[in-house]
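Visitor: I would like a close look at a single part of this molecule. Please pick up the thread there and lead me on to its surroundings.

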Amino acid sequence: MNPPVAFLPTATEPATERCLDDQAWQETLELLEWPLVCQHLSDFTSTRMGRDAARTLELPVSLAASSQRLAETVEMVVLDDLSEGGLSFRGVVDLRPVLLRCSKGGVASGEELLGVAETLAAARRLRRQIDQPDLRPVCTALIERMVTLPELEQRLKIALEEGGRVADRASAPLAGLRQQWQGLRQERRDKLQEMLRRLGTVLQDTVIAERHGRPVLAVKAGAVSQVPGQVHDSSASGSTLFVEPRSVLSIGNRLVDLEARIRDEERKVLAELSGHVAEEEPTLAQLVLVLLQLDLALARGRYGRWLGGVPPQLNDNPDASFLLRELRHPLLIWQQKKAGGPTVVPISVDVSSSLRVVAITGPNTGGKTVTLKSIGLAALMARAGMLIPCSGQPSLPWCAQILADIGDEQSLQQSLSTFSGHVKRIGRILSALASGPAPALVLLDEVGAGTDPSEGTALASALLKALADRARLTIATTHFGELKALKYSDSRFENASVAFNAETLSPTYDLLWGIPGRSNALAIASRLGLDPDVLNQAQELLAPAAEGEVNSVIRGLEEQRQRQQSAAEDAAALLARTELLHDELLQRWEKQKQQSEVRQEQGRQRLERSIRDGQKEVRSLIRRLRDDRADGETARRAGQRLRKLEDSHRPPPERRQPRPGWMPAIGDRIRLLALGKAAEVLAISDDGLQLTVRCGVMRTTIDLTGVESLDGRKAEPPPKPVVKVQARSGGIGGAQVRNSRNTLDVRGMRVHEAEAALEEQLRHAHGPVWVIHGIGTGKLKRGLKAWLDIVPYVERVVDADQADGGPGCSVVWVR
């Protein structure tokens with residue numbers, strides 16, 4: 001039998017602190033079927049020692065210890081989910097028996113010592129996986145106490161082969177003895193094979209047999225004299241004798257001697273290795289305990305994950321609330337998944353800090369006892385550091401004592417009736433509450449039953465009031481109507497009930513809070529097939545007053561609860577639809593935002609590409625201009641290309657359409673475009689093109705084009721008088737007159753120089769411009785003509801009239 005499990009002590013849990021092992025505590029564990037939960041937990045362990053420890057799982061005796069176990073559970077199961085293939089304890093064995101033998105001077109077998117080496121290797125592998133203080137502080141602190149002894153592991157693996165056989169390299173004398181033994185064995189086999197060939201006529205078989213560990217030949221009984229040697233056996237008929245030839249007897253004796261010497265040498269090696277293990281016994285014992293604790297933590301996590309459990313919040317406040325939403329009984333989940341049982345109906349428990357007693361009423365077979373066991377097991381699992389099979393965030397106080405009276409305590413051997421058994425067990429519960437630690441959870445099934453109803457009711461009322469003073473929470477099931485009324489006289493009491501479907505005459509196993517339940521005994525009897533005449537007579541015997549005072553009230557409360565539940569479901573549906581609409585609007589907004597960002601990003605990328613292309617083109621033009629072979633024509637073409645780039649990359653101007661039909665009048669308030677401020681019109685010139693305005697203390701005259709109305713309308717200037725000028729014959733531009741201001745002489749200039757001069761002239765022109773370039777070779781005229789064709793503000797280019805120069809002068813019309 002393995003030594004008892006001992007867990008590593010924590011700062012708040014001394015190793016010598018005693019566990020609760022009194023009779024009431026042990027009875028509670030049996031009544032709640034805690035050993036069966038531990039049996040299920042053991043199926044999720046990875047090692048044999050973990051399986052043995054899980055079956056007799058010890059519960060922590062302090063809140064700090066329970067919190068540490070819960071943290072270990074969560075960290076290990078999260079790491080197990082993240083690890084490919086899950087965490088593996090392959091190679092870990094229980095070293096406690098071999099450590100005990102070695103520490104007392106004994107010699108371990110090769111297989112046991114090889115197990116030590118494999119355990120050290122597995123511990124080192126697990127340490128690498130777990131060691132991460134930021135993510136797993138509790139488990140990382142735990143493995144810091146673990147030393148993996150790589151030197152001892154290497155020594156053991158060098159000296160031992162697979163299966164625990166001592167290797168030849170472990171000892172030079174051992175290697176020599178084994179080599180001698182192998183040589184003698186081969187020599188004996190060769191001699192026997194030679195005798196098989198030579199004595200084939202006197203042998204029954206040509207196979208070398210073995211008797212009593214010695215090689216023999218099957219010799220015919222009549223020819224035994226021809227094969228001298230030692231007879232070891234004979235066949236059943238006596239016709240065959242098994243003879244070890246004399247020529248190999250001495251070799252066999254020498255082999256036996258060598259085998260004894262080899263065993264002695266192997267034992268020396270094993271003794272030496274066992275001594276090294278004994279020297280590290282404290283370190284190895286600590287390592288085993290750490291591995292066991294990690295194995296149990298992983299098993300708790302995997303079991304809780306299989307149950308669909310979540311980590312509970314353990315409160316150090318003894319008066320903290322019990323909050324367990326959709327709690328399911330772990331044994332019923334096991335039955336559902338493993339044996340194909342019915343679907344488990346969850347219950348919800350919400351007990352505020354001010355409540356001390358909850359009375360659960362309702363019909364038999366309605367789930368009252370299952371509710372008690374579910375709550376009790378949830379408290380035990382939380383204390384053990386396990387995940388609780390419920391939803392949300394379960395919260396409950398750490399219960400130092402969990403005491404229960406569930407089931408029938410009838411005993412013929414002890415001459416105890418049902419009532420007497422309950423009374424003795426309740427007496428042990430009261431004694432445990434008086435002498436044990438707090439807080440305590442008490443679970444009572446059918447309190448006060450088994451005796452006269454009036455006396456049972458009085459006893460149950462007094463007991464529940466006493467427990468309200470001594471225990472943190474007491475949950476009791478009952479059929480007594482008087483216990484349902486305690487809630488209305490003591491604020492520490494609350495009612496609950498298991499629901500019953502009156503239409504199908506069957507329980508629904510739902511737990512309803514705040515409403516007492518009816519026993520529905522007659523309805524259940526009817527469903528079970530009791531004689532209708534008996535049921536009708538029982539219905540007539542019911543007291544009308546009692547029916548009116550209790551059951552009618554309960555029935556009304558149930559109807560009210562159903563109406564409230566229906567209204568709550570409607571409100572929940574409306575809320576769900578609202579949330580869906582909100583989510584849909586949010587998604588649409590996010591989508592539009594993403595599309596806008598995408599469009600902006602695409603525009604930015606297009607702009608960047610355009611800038612890069614323009615920069616590349618400009619660099620190319622610069623290189624061409626810097627070339628020694630560049631001439632005026634090259635410069636002219638570069639200038640034309642730059643102007644094209646400027647026009648293609650210039651953003652379109654934002655123009656506001658003016659509002660026609662407005663002309664300022666004296667006394668109007670206008671806005672000065674140059675200053676962006678409002679002013680008052682004092683006077684208007686005769687031609688209407690200039691205004692005298694006052695802006696603050698400043699008085700000035702400004703053109704009509706420099707103002708606009710306060711609502712953004714542009715002024716419409718008065719129509720200009722029409723002046724008719726007689727055109728010269730033969731010219732297109734007869735509507736304008738050439739003078740010195742609109743004439744430019746570019747003769748003698750290069751093309752690019754003429755382009756620059758003409759561009760400056762065109763920028764200030766208000767009509768056609770005459771450009772004198774001469775005739776010559778025509779290169780200057782053609783260059784200017786090609787450049788003007790791409791200038792956007794040039795309307796057309798024609799030859800001047802013959803009187804103005806004809807082909808030697810061009811007239812440029814601007815838009």
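Visitor: Is histidine 212 buried or exposed, and what is its relative accessible area?

Guide: Histidine 212 is exposed, because its relative accessible area is 68%. The cut-offs are simple: buried is under 20% relative accessible area, exposed is over 50%, and partly exposed lies in between (1.4 Å probe, protein chains only).

A word on the source. This is a predicted model; local features need pLDDT of at least 70, side-chain atom pairs count only at pLDDT 80 or more, and totals for chains, interfaces and linings use all residues. Residues are numbered from 1 along each chain as its sequence is written, and side-chain values use heavy atoms, with hydrogens and water left out.

Back to histidine 212. This residue sits in the loop between β1 and β2 (214-220). Helices (H or I, at least four residues) and strands (E, at least two) are DSSP runs, numbered from the N terminus. The backbone of histidine 212 has a positive phi, near 55°, and the residue is not glycine. Most residues other than glycine have a negative phi, and most peptide bonds are trans.

Now step back to leucine 203. It lies in the loop between α9 (172-198) and β1 (209-211). Leucine 203 is buried, since its relative accessible area is 7%. Its contacts (heavy atoms within 4.5 Å) include Leu196, Leu217, Ala218, Val219 and Lys220, leaving out residues up to four places away in sequence. Take leucine 217. Along the sequence, leucine 203 and leucine 217 are 14 residues apart. In space, the two C-alpha atoms are 7.3 Å apart.

The loop of leucine 203 follows α9, so look at that helix next. Two packed helices are described by the angle between their axes and the distance between the axes. The partner here is helix α10 (residues 249-279): the axes of α9 and α10 come within 9 Å and cross at roughly 155°. That makes the two helices roughly antiparallel. Axes are lines fitted to C-alpha atoms, for helices over the stretch in contact, and angles run from 0 to 180 degrees between N-to-C directions. Under 35 degrees is roughly parallel, over 145 roughly antiparallel, 65 to 115 roughly perpendicular, and the rest oblique. On the α9 side, the contact residues include Pro173, Leu174, Leu177, Trp181 and Leu184. On the α10 side, they include Ile251, Leu255, Leu258 and Ile262. Charged residues take part too, among them Arg178, Arg185 and Glu187 of α9 and Arg254, Glu259 and Glu265 of α10. The full contact divides into nine nonpolar, two polar and ten charged residues. Here Ala, Val, Leu, Ile, Met, Phe, Trp, Tyr, Cys and Pro count as nonpolar, Asp, Glu, Lys and Arg as charged, and the others, Gly among them, as polar.

Next comes α11 (281-307). Helix α4 (residues 63-82) meets α11 with axes that come within 8 Å and cross at roughly 70°. The pair is therefore roughly perpendicular. In α4 the contact residues include Gln68, Arg69, Glu72 and Met76. In α11 they include Gln293, Leu294, Ala297 and Leu298. The count for this contact is five nonpolar, four polar and seven charged residues.

Helix α2 (34-42) also packs with α11. Their axes are 9 Å apart, at an angle of about 100°. They are therefore roughly perpendicular to each other. Val37, His40 and Leu41 in α2 meet Ala299, Arg300 and Tyr303 in α11. That gives four nonpolar, one polar and one charged residues. The buried residues of α2 are Trp34, Val37, Cys38, His40, Leu41 and Ser42. They pack against α11, and also against α1, α3 (48-55), α12 (330-339) and α13 (368-383).

Just before α2 there is another positive phi. Glutamate 33 has a phi of about 60°, and it is not a glycine. It lies in the loop between α1 (23-31) and α2. Glutamate 33 is partly exposed, because its relative accessible area is 32%.

One more backbone detail. The peptide bond from alanine 438 to proline 439 is cis, with omega near 0°. Proline 439 has its place in the loop between α14 (418-435) and β11 (440-444).

Finally, the whole chain. It comes to 22 helices and 23 strands. Buried residues make up 42% of its 815 residues. Of the contacts with a separation of 6 or more, 67% join residues 24 or more positions apart.
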